[in-house]
Amino acid sequence: MVISTKVREMNKVIIFVKDFQKSTNISEKLANLDLEISFYESYSENIDDYNLAVVDLNEADFGNTKFLSDLKSNSNLFIIGYISRIIKESHDVFKSSGCDIILSNASIIKNIESLAKRAIK
């Protein structure tokens, strides 16, 4: 007798955050959703199997049009970015570069679970 078990493919999240405390808070919230979480300090082309990215737009390495454009053009990621202060001009630039949602620093921790659920449906 052969028993077949179907393995559920786990949703994967990539986090581009250098602030240790913020990345810990974000990953703890996402861990409640049974997601596989990885931390990256730079862009990698090996991200095809990720569903969601959380990006600290305050960081010069991540909060720039080249990084976001590369991330979006080489993957099917849903990108959630956050920044200390949302200004219309920077919001529009980040949005056109690939961010699907842009939040303030204060609201990322509060809203990350509900946004992740929506993004990985």
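**Exercise 1. A charged residue under cover**

Describe the surroundings of D56, which is buried yet has no salt bridge, in this predicted model.

*Solution.*
Step 1: look for a partner of opposite charge. The nearest such side chain belongs to K22, and K22 is 7.6 Å away. A salt bridge needs a side-chain nitrogen of Lys or Arg within 4 Å of a carboxyl oxygen of Asp or Glu, so K22 does not qualify.
Step 2: place the residue. D56 is found in strand β3.
Step 3: look for polar company. A polar atom of the D56 side chain lies 2.9 Å from the backbone nitrogen of N58.
Step 4: list the contacts beyond four places in sequence. D56 is in contact with F16, V17, F62, G63 and Y82.

**Exercise 2. Strand β1 and its partners**

Work out how β1 is covered and which strands pair with it.

*Solution.*
Step 1: check the burial. Five of the five residues of β1 are buried.
Step 2: sort the side chains by direction. K12, I14 and F16 point one way from the strand, while V13 and I15 point the other way.
Step 3: take the pairing with β2. Four bridges join β1 to β2, and the two strands run parallel. Within this pairing, I14 stands opposite S38. Between these strands the chain passes through α1, and the β-α-β crossover is right-handed.
Step 4: take the pairing with β3. Here too the sense is parallel, with four bridges between β1 and β3. The bridge partner of I14 in β3 is A53.

**Exercise 3. Following the chain through β4**

Trace the route from β3 to β4 and onward to β5, and describe the pairings of β4 along the way.

*Solution.*
Step 1: start with β4 itself. This strand spans residues 78–83, and five of its six residues are buried.
Step 2: look towards β3, residues 52–56. Five bridges join β3 to β4 in a parallel arrangement, with L52 standing opposite F78. To get from β3 to β4, the chain goes through helix α2 (residues 65–73) in a right-handed β-α-β crossover.
Step 3: look towards β5, residues 101–104. Four bridges join β4 to β5, again with the strands parallel, and Y82 stands opposite L103. The chain travels from β4 to β5 through helix α3 (residues 88–97), and this β-α-β crossover is right-handed.
Step 4: visit a residue of the connecting helix. H91 sits in α3 and is partly exposed, with a relative accessible area of 25%. Not counting residues up to four places away in sequence, H91 touches I86 and I102. As for N11, the C-alpha atoms of H91 and N11 are 27 Å apart, with their positions 80 residues apart in sequence.

**Exercise 4. Salt bridges across the sequence**

Of the seven salt bridges, take the pairs E36 with K12, K18 with D61 and K72 with D100, and find which parts of the chain each pair links.

*Solution.*
Step 1: recall the principle. Side chains of opposite charge can pair when their charged atoms come close.
Step 2: examine E36 and K12. Their N to O distance is 3.8 Å. E36 lies in β2 (residues 36–39) and K12 in β1 (residues 12–16), so the bridge ties together parts 24 residues apart in sequence. E36 is partly exposed, at 34% relative accessible area, whereas K12 counts as buried because its value of 14% falls under the 20% limit. D49 also belongs here, as K12, E36 and D49 are linked in a network of salt bridges.
Step 3: examine K18 and D61. Their closest N and O atoms are 2.2 Å apart. K18 is in the loop between β1 and α1, and D61 is in the loop between β3 and α2, 43 residues apart. K18 is partly exposed at 36%, and D61 is partly exposed at 41%.
Step 4: examine K72 and D100. The closest N and O atoms of this pair are 2.7 Å apart. K72 belongs to helix α2 and D100 to the loop between α3 and β5, with the residues 28 apart. K72 has a relative accessible area of 27% and D100 one of 25%; each is partly exposed.

Conventions
Residues are numbered from 1 along each chain as its sequence is written. This is a predicted model: local features need pLDDT of at least 70, side-chain atom pairs count only at pLDDT 80 or more; totals for chains, interfaces and linings use all residues. Side-chain values use heavy atoms; hydrogens and water are left out. Buried means under 20% relative accessible area, exposed over 50%, partly exposed in between (1.4 Å probe, protein chains only). Two strands pair if DSSP finds at least two bridges between them. A crossover is right-handed if, with the strands pointing away from the viewer, the path from the first strand over the helix to the second runs clockwise. Lys and Arg count as positive and Asp and Glu as negative; His and the chain ends are not counted. A polar contact is a pair of N or O atoms within 3.5 Å; within protein, one must be able to donate a hydrogen and the other to accept it, and residues adjacent in sequence count only if both atoms are side-chain atoms. Contact means heavy atoms within 4.5 Å.
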